[in-house]
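Please open the model in a viewer and keep the selection panel at hand. The stops below say what to select next and what is found there.

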Amino acid sequence: MTGTWTAAAVDPSDDGEPPSAGEWEDVSVPGQPERFAGESAVAYRLSFDDPRSDAAQRTLLDLRGLYAHARVWLNGDLLGEHDAYFVPFRREFEPQERNELVVECRAPEDAFGGVERTDQLPDDAGVPGIRWGAHVRVRQPTFLDDLTVSPHVDGDDATIEASVAVDAAEAVDDYVTFSLRPEGFRGGGAMERAQVTADAGERTRVRREIRVRDPSWWWPADHGPQHRYTVRAKLGEASASATTGLRTVSYGDDGLYVNGRQVHARGLNVLPSDDPTGDVQRAADANANLLRAHAHVPPHDLHEAADEAGLLVWQDLPLTGNREFDPDRGRELAAALADEYDHHPSVSLYGVHDDPRAPFADPLGAGRTSRYRLRWRAWRTSYDRGPAEEVAEAFPEGTPTVPVAGPPGTDPDAAHLYPGWSYGTATDIGWLLDRYPDLEGIVGEYGAGALAAAGDSDGDVPGFDARAHEVAVGTDDADESGASQATTLKTVTETLRRRGTDVAAAFALRDAAPGAGMGVLAHDGAAKPAYEALSQSFEPVQAVIDEPPEPGAVGITVVNDGPETVEPTLSWAAGDAEGTAELSAAPGDRVDAGAARIPPDAEEVELLLTLSDRTVYNEYYL
C-alpha cells in the first residue's frame, strides 16, 4: 500500500468509533515501532487513493499479523474485528476517490499473547501492531479466493483435497479447473474439473479431491528429498495456487516416525525474528532437522523455508507462563492455527502450553544438596494439565501434539531441562533422566546462556538470567562465558543422542536482545562458540565420547540417525596417543566404538569418522 503510515497510542473504547489521537507520528508498516513499547493500544492510519483502473474491478483489504486484537475502520465505517494474529484479516470494500484506513491494535486481552508478553523478549516485541503486511489487492469482477489444500496419505496412496472460494460479481455457470504438478522434480501430474454455479453477488466454495499418481514423499533433510506439489485453480482468467507436500508423522512409545521411518529430531527453539527465513538457513547449517516455534506463531515465510530446507517444525500456540486460560478459546485458536498452517509438510508437531510453572527460576548451583532441592521443588510443583489436553484435542487427528512442555514437576509431555544452567552441572543430565525417566522421550528445551562476544551484560538483558550466569560461569569474561555455554550444550546434546531421545530442541537459536542471551548466535546473527559445537554434535552420523574428557580411558559411541546402514572408520587422537576402529551402524543404532586413551598432557581429543561420502569431525578440550 502506497502512502505514509502514521500511528499513535490511543485509549481503546468499544463505542464502534475510530480512535482519536492528539498527535500522529510517521511509522513503518509492517513493523513494531519501539516508541510504543509498553502501550496497551496503538492505532495506525493511512490515506490512499482509489487503486482501481476500472470501476468494474473489485478491491480487497489484506492485513497480516495484526497483533493481537484489532478493529479496522475504512472511511469511518467499522469493517470488522480480529483476534488471531496468525490468520489474515481480509475484507472486500468499495473505495472512494480518497480513503482513510485506521487499524487499532490492542495488547492481548487473554492468556494467548505468547512469548512476546514475557520478559524473555524486549518490550518492543509486544507492541500492538501490523507485523507482517498490509495490502489492497485489485481483483477482476469474478475472482478465486482462499485456495486451501489438504493432503491425505493412506499407505502408498495419496490425495490432495483442494477447496477454493468463487466470488462472483456476475452470474457464473462454468467449471473450475484444478491442476496438480510436481514442484521441481519429475512426477505425475493431474487435472480435475468441478462445476460451479453462482448468482451475481454470491460467494461459494468449490471442492475437488485430486488423486496423486505415483506419489513422492516429503522427507526431513537427512532422510530424503523435499518433494512438493503445487495445486492451481483456474476459472476463466482468474487463478490461485498453493503448495503442499505428502508425508505422515506419528509419535508413540517407539518414537517419532515420518513416512513410516523412525526419525530422531534434533534442533533449536526459535523466537520471534526479523529474519525467519535466515533463521531456518542458520539452523540447517548447524545440522538441525527441527525448529520449535517457541510459544509464538511465525509468518508463513518460516514454514515455507522449512518446507524447502527439510526441517521439521514444532509449532506452538502463543501460550506460555503461569496464567489461567479459557480452554474453549484455546480450542478455537488451535483449530484456526491448523487451518492456516497444516498444509505445510514441515509442520509435524503442535504444542499447547509452554512453561506453566517455574520451580527453578532461582538457580540451585551444583552438588548433592542441590539435587535434593531440585527433587523437592519438582515434588511440590503442581499443575492441572486437563485444560491443555482439552485444547490439544482440537488439533488435526494424526498430528502429534504436546499438551504441556515444561520442567520436572509439571508432568510434561516435553521436558525443559537445564543442568549446567539452572541447577547442577551439564553432566547431571544423565542423573536427571535416570531419576525422571518419563522425561527422556521429548526434550523441548535445554541449554545455557552466554555473553555476546563483543560485549557483556549489566544484568538486565531480556531473556538472559544474570543470576544463573553468575552461578554457572562465575565470570564476566565473554570468552569464558562462551566456552562454558558451548561445553554445556555439547555435553547435554550428546548425552541425549547417546540415550536415543526422540526429539530434542536446544534453547535457543538467537539471543533475544544485544549483549547476552540463550542463543548459540548473538542477536545480530554472529556465531558464538556454541554454534560450532552444536553443529558438530548435531551431525546425523557422529562419534561422541561417553563422558567429559579426562586423562585415562573414555568410551566412544557412534550414533547413526541417518536412513541407511553405515560402515565408517573411526580415528581418534589425544596428545601423542591415537587409535582406529572399523564399525557398522544400522539406522537408529548407538554403537560402542571402544575407548580413547587420554594421556595426562593431552589438551584435546579429536574424533574423525570417515564415511563413504564424507568425513565427520568432532573435538573436545580438556
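Begin by selecting R58, D62, R64, R90, E92, R137, D145, D167 and R203, which are linked in a network of salt bridges. The model is a predicted one, and every contact named on this tour is computed from its coordinates. Within the network, display the side chains of D62 and R64: they meet in a salt bridge with an N to O distance of 3.0 Å. Which of the two partners is buried, and which is partly exposed? D62 is buried, because its relative accessible area is 0% and the cut-off for burial is under 20%. R64, at 27%, is partly exposed.

**Other salt bridges**

A search of the whole structure finds 43 salt bridges; two further pairs are worth a selection. Select D49 and R98, whose closest N and O atoms are 2.7 Å apart in a salt bridge. This pair links distant parts of the chain, with D49 in strand β3 (residues 41–49) and R98 in strand β8 (residues 98–106), 49 residues apart. D49 is partly exposed at a relative accessible area of 47%, and R98 is also classed as partly exposed, at 48%.

Next select D279 and R510, where the side chains form a salt bridge at 3.0 Å, N to O. D279 belongs to helix α1 and R510 to the loop between β28 and β29 (516–517), so the bridge ties together parts that are 231 residues apart in sequence. Are these residues buried or exposed? Both D279 and R510 are buried.

**Two cis peptide bonds**

Stay with the loop between β28 and β29 and select A508, which lies there. The peptide bond joining F507 and A508 is cis, with omega about 10°. Then move to Y67 and A68, where a cis peptide bond has omega of about -10°. A68 is placed in the loop between β4 (58–67) and β5 (69–74).

**Positive phi values**

Follow the chain to N75, in the loop between β5 and β6 (77–82). Phi of N75 is near 55°, a positive value in a residue other than glycine. N75 is partly exposed, with 24% relative accessibility.

A further stop of this kind is D411, in the loop between β24 (401–406) and β25 (414–416). Here phi is near 50°, again positive in a residue other than glycine. D411 counts as exposed because its relative accessibility is 52%, and the cut-off for that class is over 50%.

**The largest nonpolar core**

In soluble globular proteins, nonpolar side chains tend to be buried together. To view the largest nonpolar core of this model, which has 60 residues, select L268, L417, Y423, Y446, L496, V520 and L534, the members with the most contacts inside it. Then colour the elements that each supply at least two residues of this core: β20 (265–270), α1 (276–285), α2 (300–309), α4 (368–380), α6 (429–435), α8, β28 (503–506) and α9 (529–537). Which element contributes the largest share? It is α8, with five residues.

**From helix α8 to a charged patch**

Keep helix α8 (residues 478–498) in view and select D479, which is placed in this helix. D479 is exposed, with 60% relative accessibility. Add E470, D476, D477 and E480 to the selection: together with D479, these residues form a negative surface patch. Helix α8 therefore appears at two stops, as the place of D479 and as a source of core residues.

**Two distances to draw**

Select A527, in the loop between β29 and α9. This residue is exposed, at 52% relative accessibility. Draw a distance from its C-alpha atom to that of E440: the two residues are 87 residues apart along the chain, and their C-alpha atoms are separated by 29 Å.

Finally, select P568, in the loop between β31 (552–560) and β32 (569–574). P568 is buried, with a relative accessible area of 0%. How far apart are the C-alpha atoms of P568 and V616? They are separated by 10.0 Å, and the residues lie 48 residues apart along the chain.

Notes:
Residues are numbered from 1 along each chain as its sequence is written. This is a predicted model: local features need pLDDT of at least 70, side-chain atom pairs count only at pLDDT 80 or more; totals for chains, interfaces and linings use all residues. Side-chain values use heavy atoms; hydrogens and water are left out. Patches are made of residues with over 30% relative accessible area and no salt bridge: like charges are joined within 9 Å, nonpolar side chains (Val, Leu, Ile, Met, Phe, Trp, Tyr) within 5 Å. Accessible areas come from the Shrake-Rupley method with a 1.4 Å probe; for residues, only the protein chains shown count as cover. A salt bridge is a side-chain nitrogen of Lys or Arg within 4 Å of a carboxyl oxygen of Asp or Glu. Lys and Arg count as positive and Asp and Glu as negative; His and the chain ends are not counted. The place of a charge is taken as NZ of Lys, CZ of Arg, CG of Asp or CD of Glu. Helices (H or I, at least four residues) and strands (E, at least two) are DSSP runs, numbered from the N terminus. Buried means under 20% relative accessible area, exposed over 50%, partly exposed in between (1.4 Å probe, protein chains only). A nonpolar core is a set of buried Ala, Val, Leu, Ile, Met, Phe, Trp, Tyr and Cys residues joined through side-chain atoms within 4.5 Å.
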